[in-house]
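Today I am opening the notebook on a new model. I want to look up a few places in turn and jot down what I find.

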Amino acid sequence: MADYIIAGGGSAGSALAGRLAQSGAKVLVLESGPRDRHPLIHIPAGFVKLLDSKLLYHYVTEAQSHLNGRSPVMPQGNVLGGGGSVNAAIYIRGQRSDYDGWAAAGAAGWAYQDVLPYFRRAEDNDRLADEYHGNGGPLGVSDLRQTSDLTRAFVRAAQEAGIPFTPDFNGARQRGVGFNQTTTRNGRRCSAAVGYLRPALQTGNLEIRTGCLVTRVLFDGDRATGIEYLRNGRLEQAQAAEEVILSAGAVQTPKLLMLSGVGPGAELARHGIAVKHRLDGVGQNLQDHLEFPAIRFCTGRHGYYGEDSFFRAIKNGLQYLLFKSGPVMSNVTEACAFMNVDDPEAEPNIQMHFVPIVFIEGETAPIKRAGATVNPCVLRPESRGEIRLRNADPSVNPLIDPRYLSAAEDMRLSVKGLQLARRILTQPAFAPFVEPTEAFPGAAMQDEEALQSYIRARGKTVYHPVGTCRMGQDDMAVVDPQLRVRGLRNLRVVDNSVMPTLVSGNTNATAIMIGEKASDIILGLRPLPPSNA
Ligand SMILES: Cc1cc2nc3c(=O)[nH]c(=O)nc-3n(C[C@H](O)[C@H](O)[C@H](O)COP(=O)(O)OP(=O)(O)OC[C@H]3O[C@@H](n4cnc5c(N)ncnc54)[C@H](O)[C@@H]3O)c2cc1C
């Protein structure tokens, strides 16, 4: 029998499983998706090609009243390594104040000085070595070896628009424009499955069962004893000697709790599920980043347009295999900018992802042209949504209602972010590459109302749902700062659903940090000494 059963082998679950198995504990990981064998997972440019594949859940959200009633898709990983196996590999941690805010809201022990040592312990950075960055950890973090002409133009154009260059988004200050570091090592993706699970398999302490959809937690009174899961259409069970840990991500972890009778009383009653333990916060507090593109078409062949055409794909593939260079080495989203659109000196409230192709969803026919896309998003949205059950069938996806833009402040900042994105595209650095007239939103869209309607029509997820099993100490908190489900024994949540608030940036590094820190908590080790940085 395993000591620990982990439901979900994604970013946080893999980091946790690896650490627990390395400590000598017997660990069983149950993952709904397949092994991470698909070759496109492991090459940086594979992200765009995988987006529509079966290696992701393509959740459809409820009709969003502030997005013209649209129901945008919210893709999430469904493969060993989770989102970290299929994401754009951008390595960003957020801001000091994100974590200090968590601690102030009741997540004792999760302030920036407490979590920074865990980011560093995870990290194996190929360029940076200082009080903010670690070397020799399981997670490869590397500079891009390939950047496109358009990406370099974006980095210059943002500086021309007044945003200073930064060599590091994860150091003393996040502010600035620069090239992303990525979760890669030697030109290959380093997901938590690659960095943590593969070495841990050598210990003989780790068993991974893929193709297993976890359906509920098993209890003896208030003590979690095991997991029930569906494999090849049959229900099976596994028992844990020590603990059951839910790491199925911010969409599925609250679903699993509710299917196990843990959640808001009325919601469980609605689906005829007996209440094991009432916790009204389960599924609440859903947060996500929403982005909307500013786009200019190119005057010639720039960026990566057409690099996946038959002959070019062969050439690029060979170049990658032989020389580890060329477009296949790119994660496509090669640069970002972080800035505050109200006060340029203040900590950023907007992030921009730059994509050196036309990257737009919702067009009936794909746009077959080279282009430059700047995607702004509000870093700390105030809108709050929820996850509920559609019915009591574990194989049915839950009901997801992010309530994007329901807070007026999110729309105010979105408009300012879009205005700045457009301004960057008009800077001299872009002039040799792009057409003088704007493709999207388009020259006709000028006043505030027009921009709002464009944002409602084009807003899409940045794939960062969090917060649905919030950590804290108040009545709506689902887990305590030790990540124990409040009021129950031997049951924890270790994934992005525990975030009290969304961090100011991409969410994979934080998921891995949560897995790292959880391993020390679960093993009863003293926390790493707080950082002075
Ligand atoms: C397309 C895409 C691009 C992204 N780009 C970036 C980026 O560039 N940088 C960045 O920092 N972040 C990025 N992210 C976000 C980041 O990858 C996620 O925030 C992170 O992976 C979340 O970690 P997690 O452990 O909470 O959940 P996940 O990594 O999603 O792990 C959950 C795991 O549980 C499994 N699972 C779910 N339900 C069940 C069940 N019932 N039974 C068994 N297993 C189950 C899933 O298959 C998955 O493997 C991206 C995400 C996506 C989807």
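Before I start on the ligand, a reminder to myself: I call it a polar contact when a pair of N or O atoms lies within 3.5 Å. I also keep in mind that this is a predicted model.

**Entry 1, the ligand.** I looked for polar contacts to the backbone. At Asn496, a backbone N or O atom sits 3.0 Å from an oxygen atom of the ligand. Val214 has a polar backbone atom 2.8 Å from a ligand nitrogen, and for Ile90 I read 2.9 Å between a polar backbone atom and a nitrogen atom of the ligand. How much of the ligand's accessible area does the protein cover? I get 98% of the 1,000 Å² that the ligand has on its own.

**Entry 2, the shell.** I then went round the ligand and found 38 residues, of which Ala12, Glu31, Val214, Thr507 and Asn508 come nearest. By type, the shell splits into 20 polar, 16 nonpolar and 2 charged residues. Among the elements that each supply at least two shell residues I noted α1 (11–22), β12 (212–220) and α13.

**Entry 3, the cores.** My next stop was the largest nonpolar core, with 85 residues; Trp102, Leu246, Leu257 and Leu491 touch the most other members. The element that gives the most to this core is α13, with 7 residues. Apart from it I found another core, of 56 residues, including Ile295 and Ile350. I picked Leu246 for a closer look: leaving out residues up to four places away in sequence, Leu246 touches Val217, Leu257 and Leu491, among others.

**Entry 4, helix α5.** Why do I call α5 largely enclosed by the rest of the structure? Because 8 of the 11 residues of this helix (residues 112–122) are buried. Among the buried ones are Tyr112, Leu116, Phe119 and Ala122. The buried residues of α5 pack against α4 (96–104), β5 (123–125), β6 (139–143), α7 (192–201) and, once more, α13 (508–522).

**Entry 5, Val332.** Last, I checked a loop residue: Val332 lies between α10 (310–323) and β19 (335–339). Is Val332 buried or exposed? Its relative accessible area is 9%, so Val332 is buried, the cut-off being under 20%. Beyond its neighbours within four places in sequence, I listed contacts from Val332 to Val48, Phe354, Val355, Pro356 and Ile357. I also took one distance: the C-alpha atoms of Val332 and Gly176 are 19 Å apart, with their positions 156 residues apart along the chain.

Methods. Residues numbered from 1 in each chain as written. Predicted model: local features only at pLDDT ≥ 70, side-chain atom pairs only at ≥ 80, totals over all residues. Heavy atoms only, no water. Buried < 20%, exposed > 50% of the residue type's maximum accessible area, 1.4 Å probe, protein only. Contact = heavy atoms within 4.5 Å. Core = buried A, V, L, I, M, F, W, Y, C linked by side-chain atoms within 4.5 Å. Near = heavy atom within 4 Å. Polar contact = N/O pair within 3.5 Å; in protein donor to acceptor, adjacent residues only side chain to side chain. Areas by Shrake-Rupley, 256 points an atom, 1.4 Å probe, with all protein chains shown as cover. Nonpolar A, V, L, I, M, F, W, Y, C, P; charged D, E, K, R; others polar.
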